[in-house]
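Dear colleague,

Please find the structure below, handed over for your use. My findings follow directly after it.

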Amino acid sequence: MRRHTVLSAWLPRFARFLMGGGTATALHYGIMQALLLHGMPPTPAAMTGALTGAVVNYRLQRDMVFHPRRGQLATMRRYLAALGVGWLLNGLFFLLLHDGLHFAPLAAQASTTLLLVSLNYWLFKRYVFS
């Protein structure tokens with residue numbers, strides 16, 4: 001019975017996390033694609049898209065998912081620290097997949113996003129919005 005209670009408490013929050021993250025990711029990919037079409041190299045385009053998506057994601061995660069108890073400034077500082085880690089890992093994974101393994105830019109970014117979802121949820125739940 002306890003397993004059911006834990007799962008039923010966790011699942012709606014994780015679903016909202018995915019919806020907010022999905023919205024931010026769609027923005028990320030849209031900006032990345034627009035920059036690629038205008039001639040920006042793939043890695044900077046991916047990282048610029050990630051940064052823009054992260055700004056939107058903060059608001060969505062804060063308001064829809066985690067509802068932090070600490071103030072806006074303290075939460076924002078923690079988000080920026082987690083964002084820095086995520087942004088660097090996004091760039092690293094993208095670079096490895098695109099330049100190292102020759103994935104197409106969109107495939108490299110989609111794979112990178114999948115690699116970072118669990119890390120982001122854990123960081124947001126345990127550190128940023130706790």
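A46 is found in helix α2, where helices and strands are DSSP runs numbered from the N terminus (H or I and at least four residues for a helix, E and at least two for a strand). With a relative accessible area of 0%, A46 is buried; the classes used here are buried for under 20% relative accessible area, exposed for over 50% and partly exposed in between, with a 1.4 Å probe and protein chains only. Leaving aside residues up to four places away in sequence, A46 touches H28, M32, N90, F94 and Q109, contact meaning heavy atoms within 4.5 Å. The C-alpha atoms of A46 and L92 are 11 Å apart in space, and the two residues are 46 apart in sequence.

Before I continue, please note that this is a predicted model, in which local features need pLDDT of at least 70 and side-chain atom pairs count only at pLDDT 80 or more, whereas totals for chains, interfaces and linings use all residues. Residues are numbered from 1 along each chain as its sequence is written, and side-chain values use heavy atoms, with hydrogens and water left out.

N57 lies in the same helix as named above, α2, which comprises residues 42-66. N57 counts as buried because its relative accessibility is 10%. Its contacts, not counting residues up to four places away in sequence, are G20, G21, A24, Y79 and F124.

Both A46 and N57 also take part in the packing of α2 against helix α4. Two packed helices are described by the angle between their axes and the distance between the axes. For α2 and α4 (residues 105-128), the axes come within 12 Å and cross at roughly 35 degrees; axes are lines fitted to C-alpha atoms, for helices over the stretch in contact, and angles run from 0 to 180 degrees between N-to-C directions. The crossing is right-handed, that is, the near helix is turned clockwise from the far one by less than a right angle, an anticlockwise turn being left-handed. On the α2 side the contact involves P42, A46, N57, Q61 and F66, which meet P105, Q109, Y121, F124 and K125 in α4. These residues divide into six nonpolar, three polar and one charged, with Ala, Val, Leu, Ile, Met, Phe, Trp, Tyr, Cys and Pro counted as nonpolar, Asp, Glu, Lys and Arg as charged, and the others, Gly among them, as polar.

Helix α4 also contains N120, which is partly exposed because its relative accessible area is 23%. The C-alpha atoms of N120 and L83 are separated by 8.9 Å, with the two positions 37 residues apart along the chain.

L83 is one of the buried residues of α3, a group that also includes T75, Y79, A82, G86, N90 and F94. Helix α3 (residues 72-100) has 29 residues and reaches 40 Å from its first C-alpha to its last, close to the 42 Å expected at 1.5 Å a residue; the expected span is 1.5 Å times one less than the number of residues.

The salt bridges come to a count of two, each defined as a side-chain nitrogen of Lys or Arg within 4 Å of a carboxyl oxygen of Asp or Glu. In one, R59 pairs with D63, the closest N and O atoms being 2.5 Å apart. Because R59 and D63 are four residues apart in helix α2, they are separated by about one helical turn. In the other, the side chains of R62 and D63 meet at 2.8 Å, N to O. Shared partners join R59, R62 and D63 into one network. D63 is partly exposed at 33% relative accessibility, whereas R62 is buried at 13%.

Finally, the loops deserve a few remarks. Most residues other than glycine have a negative phi, and most peptide bonds are trans. H67, in the loop between α2 and α3, has a positive phi near 45 degrees. H102, in the loop between α3 and α4, likewise has a positive phi, of about 65 degrees, although it is not a glycine. H102 is exposed, with a relative accessible area of 65%. M40, found in the loop between α1 (2-37) and α2, is partly exposed at 29% and touches L35, A45 and T48, not counting residues up to four places away in sequence.

With kind regards
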